[in-house]
Amino acid sequence: MLTPEDIRDLVRVLDSSSLEEFQVDMGGLSVTLRRHGARGDWTRESRVTRQPHVLEASQEADTREAAGEEKVSSGTGATTSSARREDVHPITPPLLGTFYRAPKPGAAPFVEVGAAVEADTVVGMMETMKMMSPVHAGVAGTIVEICVGDAEFAQPETALMLVEVRS
Amino acid sequence: MSFRRMLVANRGEIAARVLRTCRALGIETVQAVSEADVLSVPARLADHVVVIGPGPSGASYLDVDAVVNAAVASGADALHPGYGFLSENADLARACGRHGVTFVGPSVAVLEAVGDKLSARDHAVAAGLPVVPGGQAGTPADAFEVAERVGYPLLVKAVGGGGGRGMKRVDAQEDLQRNLELAMAEADAAFGDPRVYIERYVVSGRHIEVQVLGDGDQVIHLGDRDCSVQRRYQKLFEEAPAPHLDDDIRSSLRAAATALAGQLRYRGLGTVEFLFDRARREFYFLEMNARIQVEHPVTEMVTGLDLVAEQIRVAEGHPLRLTQDDISVTGHALECRVNAEDWQADFRPSPGTVTAAAFPVGDHVRVDTHIQSDAAVPPYYDSLLAKVIVHGSNRDEAMAQMAHALRRCRIEGVATTLDLHRRLVEDDEMCLGGVDTMFFTRFLTRQESLSDATVGA
Amino acid sequence: MANIELVDVSLRDGNQSLWGATGLRTAQILQIAPAMDRVGFRALDYTSSTHMGVAVRNFREDPWERIRLTRQAMPNTALQFIGTGFRFISWETAHPDFMQLVYDRLVVNGIDRVVVLDPMHDIDAAVESARMLRRAGVREIIGALVYTISEVHDDAFYARLAQQMAACPDIDRVYVKDPAGLLTPERARSLLRAVRAALAGKPLELHSHCTIGLSPITYTVAADLVDVLQVACGSLSNGSSLPDAQRVVANLRELGHTVDVDDRLLGKVADYFNRLAEAESLPSGTPQEYDTSFLRHQVAGGVLSTTRRQLRELDMEPRFDAVMEEVGQVRAELGYPIMVTPFPQMVCSQALFNVIGTERYANVPDQVIRYVLGNFGRPAGPIDPDVRDRILGLPRARELAGEPPAPTPAELRKQFGSLISDEELLLRATMPADQVDAMIASGPAQRHYTPEAQQVLRLVDHLAARQDLAELTVEKPGLSITARYRKESVVDA
């Protein structure tokens, strides 16, 4: 990020030019420099555009931010909007890759909506670089939504399925 | 020792200021924020952010447990308390110590010694500093006795408070009873301590303070500042060095401050505040602030030092790297505190959202701020938006530069005191310099009569 | 398993190996100094005569001010100066009192560790330098064992030297310096074992360049036998510089050793030099291929390519192989000087003259004459008597031998006056007056440097000169710029 000293260096060069306005957007900082009058004095309008990096421990607070504000990036990546409800748990893949709903093509899927699951129930398979790994439910409850289809690509923060947690 | 990760336990412009130096030193930063400050500029500048509570300070920035837990949870090995809030709170310093987090500030013992007005006064007297005639009073009877000694006019202050809050001026004996009862009740409510302190009120006094820096062993001063432009004991405009001061007075002030800090074996940044009685040509010790101050930039401009860096260095246990001979004061620096207040409506606070913010930029000007366009100005905290600081080779040059700089400031979306400051630097008394603490009242009255005149016409 | 400390050479040896010693100004050093201070390096290989001269000559910056400001920014890390002990900035040998003054001022300004690098391994000279350094107050004095391959430089040779250094109370530790990167893992085992035994407890460090890709591997072997490994960061590592610090730390930990450094800051330092290299269009060191011929001729790539170019200009490029053969011959005749600057250049120049001339040693450059006169110290092996007689018989040799001894500080004061500081005196005595004047005239050095700002400043410089534009937008990944000109400039055009 440009420092106040860098910006002063910039203004010094700008002052000896015929430029009257200069805007630079870089490294999470946007600065607009404007010349006023013949005396060559300058103003700056700075905006730090970098998003705050909120540490995990306080995630509940940042998800309560007012709608319309920029999303705050958090330590573990974004969560889907439905997951804000405390009783619904998203199942996310251990690694990015292709998600399979059944043990092999043509076989019946591991689970459907309404299925009861335990924490160690296998709900699908992830294929990453030719290696298959199981996806576990992670919590005990009921599958309420299936978000990613068979043979679709998924990233680690994608919700594959949603489980309504048994209380 | 080297700090790896610093928790910044404050907000606004001072948080941005501390973050800037930590970044330059390679210290990883964690910004503690209330929910109202999650998207603030300091939150965006820091490496990481920890939310410590809801907007109201009592549940966030003033909550010792929340702040210390944030430090521990984020793996910080140091904590910077800024100014105000818990910056001089011995409980916070103690809790930090218990959890292995270094508090960037003086020791618990020193905080307690100077935090209590009476204890501070005792230390000052022991260090040979002159003090304002006065005394403590727990009951109205005691108060009248002290008042006899001190004479009128006098001030009634809360023993447990600071920063100018809760002080009452009493001009004649018949007004003492009433003001006393009020002051004791207020003190009890605000600080949990009803004790009051009564002292002589100097009618024409200047508030002059000296910046000190110590490493627990050695102490040096970094020059003086004049902060006489105040409204209800809140500073609005500061400068370094204090203008129109005889050399012998100036050296005495500096020596006195150094003596007190030395007596306390002070480690950290501190400021010793004095009241200079213009008529009597005497100065008295007022109080010591054991933290970095809002107006520290004017000292930085005339000495070329980074005070936050020096503060961090001694907190890490390093000896002072500078001797008194290394310190020189060059030129003159001024600072205007621009607040989110409608100064024409009795300085009513104006929270809201800043829609545009433009500031001057150049070789002799510096603006310390936490605002930018779309920044929120929450209602829970003080109203400081920005500090406009200039440096010139002499005071007249600095005043011209300040006028020029203020003309280039533009803040929209909230009411500000910009226009007030513009008028301030055009004022004849201000241009002469060396004003006393009653100046601002006179100045404000002049502004009011000016607008009355325009309204009438 | 051992605890290994690190010494970082980025600012001095890295800069010298990869950027011709001209890659870093005061501002660029000060910007990263606070972070470097917190990594946990034992010391930085920070400056030398050469670098102090470059500061004045190339950047008009005060090298003493640079040391002072760096010391202020780095209270936790030792700053090292490396020198031969007999000269300061200029190539001429200095008076011992002059060198004592140099050491005194280095210490006052903030240097606390000094390497005595006698390229001829003249132990008497090294011990004398160490004594002077101790008198100046240097906290840590390092004796250097410069590694090379030759009949003479076997393990016993180095063990003997190490023993003498161990016996010297003014030498605190020893390091094996391998400037050409010749030390193989197998040789490292026997050599370091022998040296360590001879040191009888005095700490040992290893400094080996990556020139032919050996040192990263050699370091893994050396970890059991030394206390400190010397490394460099980011763009300033690899190539003909030292191994990359982050890679060395990862390897050491993989092998079960401990290295107590702040990994986050180590990454930041590496990242800074990477960004600086990019901003200034400087080359980045890269891992090198193993070239076994290098073990034979030991002439660094730069000198080889210069020699080839010189032959091409003389239309004699086919004689290149003959020159490389002659290099081996000349090196033996001159008593096996270690191929560290200035000796590779010297030996190559003489070999070139011998091949293209009518007779061997008919033409002899001044440097070779000085070498034979003993100005660089006593060589490890004897100089061939015929070659010696031949060279010393030259008229030029008589001239150089008759040069007056170097002046003392008192004599220099008479010449330059008593009002200037010692620091200024030392510079005026060794550098052209106009260069020192220019340095003083340019005032205090700038102290801040942001790599990313450079491209913006350069762009603005370019835009400032344009007369033909009204508005300009630049968009590239990570950077967007819009500039508007005063309307009059377009009207005028």
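This report describes how chain B meets chain A and how two domains within chain B meet each other, in a model that is predicted.

**Between the chains**

The contact between the two chains draws 25 residues from chain B and 26 residues from chain A. On the side of chain B that touches chain A, the elements giving two or more residues are helix 2 (41–45), strand 3 (48–53) and strand 19 (356–361) of chain B, and of these strand 19 gives the most, with 5 residues. Strand 19 of chain B is also joined by 3 bridges to strand 3 (residues 41–48) of chain A, the two strands running antiparallel, and within this pairing Thr43(A) stands opposite Pro360(B).

**Within chain B**

Chain B is divided into domain 1 (5–104), domain 2 (133–200) and domain 3 (205–453). The centres of domain 1 and domain 3 of chain B, taken over C-alpha atoms, are separated by 24 Å, and 24 residues of domain 1 are in contact with 24 residues of domain 3. Helix 1 (12–25) and helix 2 of chain B are the elements that give two or more residues to the side of domain 1 that touches domain 3, where helix 1 gives the most, with 8 residues.

**Residue classes of the two contact sides**

| Side | Nonpolar | Polar | Charged |
|---|---|---|---|
| Chain B, touching chain A | 14 residues | 6 residues | 5 residues |
| Domain 1 of chain B, touching domain 3 of chain B | 12 residues | 8 residues | 4 residues |

Helix 2 of chain B is thus listed both for the side that touches chain A and for the side of domain 1 that touches domain 3.

Technical notes:
Residues numbered from 1 in each chain as written. Chains lettered and ligands numbered in written order. Predicted model: local features only at pLDDT ≥ 70, side-chain atom pairs only at ≥ 80, totals over all residues. Contact = placed C-beta atoms within 7 Å. Helix = DSSP H or I, 4+ residues; strand = E, 2+ residues; numbered from the N terminus. Nonpolar A, V, L, I, M, F, W, Y, C, P; charged D, E, K, R; others polar. Pairing = 2+ DSSP bridges. Domains from an automatic or database assignment.
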